[in-house]
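Grab a pencil and work through these exercises with the structure open beside you. Try each task before you read its solution.

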Amino acid sequence: ALWLPALAHARLRYRLDEHGLTIEHGILWRHRIIVPRVRVQHSDISQGPLQRAFGVATLRLYTAGSRFTVNSLPGLADDQARALRRRLLDEGDGDAV
């Protein structure tokens, strides 16, 4: 049971392009979630006490009109989560994120 979170984190992938964010995760069953930039309503970076101690954060994207209304990227380095959020804000048209 101790290796399961490490394996889940190792299998987490994301890619940001001009259309939006693609998230892939899962150990046995792989999931691919594509979050179009125009669907993102707002974003949130959160850290609990343990996450602060280890310098990691969770980036959450709240979307409209889809089955997955909250998509998250857990275990990102704090500066990496802030940079990704900044890229989403800078490259957007100002209506979202």
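**Exercise 1.** Does Gln-47 count as buried, partly exposed or exposed, and what is its relative accessibility? Then find where Gln-47 sits and what surrounds it.

*Solution.* One thing to keep in mind throughout: this is a predicted model.

Step 1: Gln-47 has a relative accessibility of 26%. Buried means under 20% and exposed means over 50%, so Gln-47 counts as partly exposed.

Step 2: Look for Gln-47 in the loop between β4 and α2 (49-54).

Step 3: Leave out residues up to four places away in sequence, and Gln-47 touches Arg-52, Gly-55, Val-56, Ala-57, Asp-78 and Arg-82. Take Ala-57 from that list: Gln-47 and Ala-57 are ten residues apart in sequence, and their C-alpha atoms are 5.0 Å apart in space.

Step 4: Now check the side chain. That of Gln-47 reaches the backbone oxygen of Val-56 at 2.9 Å.

**Exercise 2.** How many helices and strands does the protein have, and in what order do they run?

*Solution.* Step 1: Count them up, and you get three helices and six strands.

Step 2: Start at the N terminus and read along: α-β-β-β-β-α-β-β-α.

Step 3: Add some overall numbers. The protein has 97 residues, and 26% of them count as buried. Its accessible surface comes to about 6,600 Å², with 56% of that belonging to carbon and sulfur atoms. Among contacts between residues at least 6 apart in sequence, 29% join residues at least 24 apart.

**Exercise 3.** Which members of the largest nonpolar core touch the most other members, and which elements each supply at least two of its residues?

*Solution.* Step 1: This core has 16 residues, and the ones touching the most other members are Leu-21, Leu-59, Leu-73, Leu-76 and Leu-84.

Step 2: Go element by element. At least two core residues come from each of β2 (20-25), β3 (31-36), β4 (40-46), β5 (56-63), β6 (70-77) and α3 (78-91).

Step 3: Zoom in on Leu-21. Not counting residues up to four places away in sequence, Leu-21 touches residues including Ile-33, Val-35, Leu-61 and Leu-73.

**Exercise 4.** Compare Arg-60 with Asn-71: which strand holds each residue, and is each one buried or partly exposed?

*Solution.* Step 1: Arg-60 is in strand β5, while Asn-71 is in strand β6.

Step 2: Arg-60 has 27% relative accessibility, so it counts as partly exposed. Asn-71 has a relative accessible area of just 5%, so this residue is buried.

Step 3: Check the neighbours, skipping those within four places in sequence. Arg-60 is in contact with His-42, Ser-43, Asp-44, Ser-46, Val-70, Asn-71 and Ser-72. Asn-71 touches Arg-60 in turn, along with Ile-23, Ile-33, Val-35, Leu-59, Leu-61 and Thr-63.

Step 4: Pick out the polar contact between side chains: Arg-60 meets Ser-46 at 2.6 Å.

Step 5: Try one more distance. Arg-60 and Ala-81 are 21 residues apart along the chain, and their C-alpha atoms are separated by 9.6 Å.

**Exercise 5.** How many salt bridges are there, and which residues are linked in a network of them?

*Solution.* Step 1: The count comes to four salt bridges.

Step 2: Inspect Asp-17 and Arg-15, which form one with their closest N and O atoms 3.8 Å apart. Asp-17 counts as partly exposed because its relative accessibility is 21%.

Step 3: Move on to Arg-82 and Asp-78, whose side chains meet at 3.2 Å, N to O. Both lie in helix α3, four residues apart, about one turn of the helix. Arg-82 is partly exposed at 38%, and Asp-78 is partly exposed at 22%.

Step 4: Find the network, which links Glu-24, Arg-30 and Arg-32. Within this network, Arg-30 and Glu-24 have their closest N and O atoms 3.7 Å apart.

**Exercise 6.** Which residues form a nonpolar patch on the surface?

*Solution.* Step 1: The patch is made of Trp-3, Leu-4 and Leu-7, with about 310 Å² of accessible area together.

Step 2: Place Trp-3 in helix α1 (residues 3-10).

Step 3: Apply the cut-off again. Exposed means over 50%, so Trp-3, at 57% relative accessibility, counts as exposed.

How values were computed: Residues are numbered from 1 along each chain as its sequence is written. This is a predicted model: local features need pLDDT of at least 70, side-chain atom pairs count only at pLDDT 80 or more; totals for chains, interfaces and linings use all residues. Side-chain values use heavy atoms; hydrogens and water are left out. A nonpolar core is a set of buried Ala, Val, Leu, Ile, Met, Phe, Trp, Tyr and Cys residues joined through side-chain atoms within 4.5 Å. Buried means under 20% relative accessible area, exposed over 50%, partly exposed in between (1.4 Å probe, protein chains only). Contact means heavy atoms within 4.5 Å. Accessible areas come from the Shrake-Rupley method with a 1.4 Å probe; for residues, only the protein chains shown count as cover. Patches are made of residues with over 30% relative accessible area and no salt bridge: like charges are joined within 9 Å, nonpolar side chains (Val, Leu, Ile, Met, Phe, Trp, Tyr) within 5 Å. A polar contact is a pair of N or O atoms within 3.5 Å; within protein, one must be able to donate a hydrogen and the other to accept it, and residues adjacent in sequence count only if both atoms are side-chain atoms.
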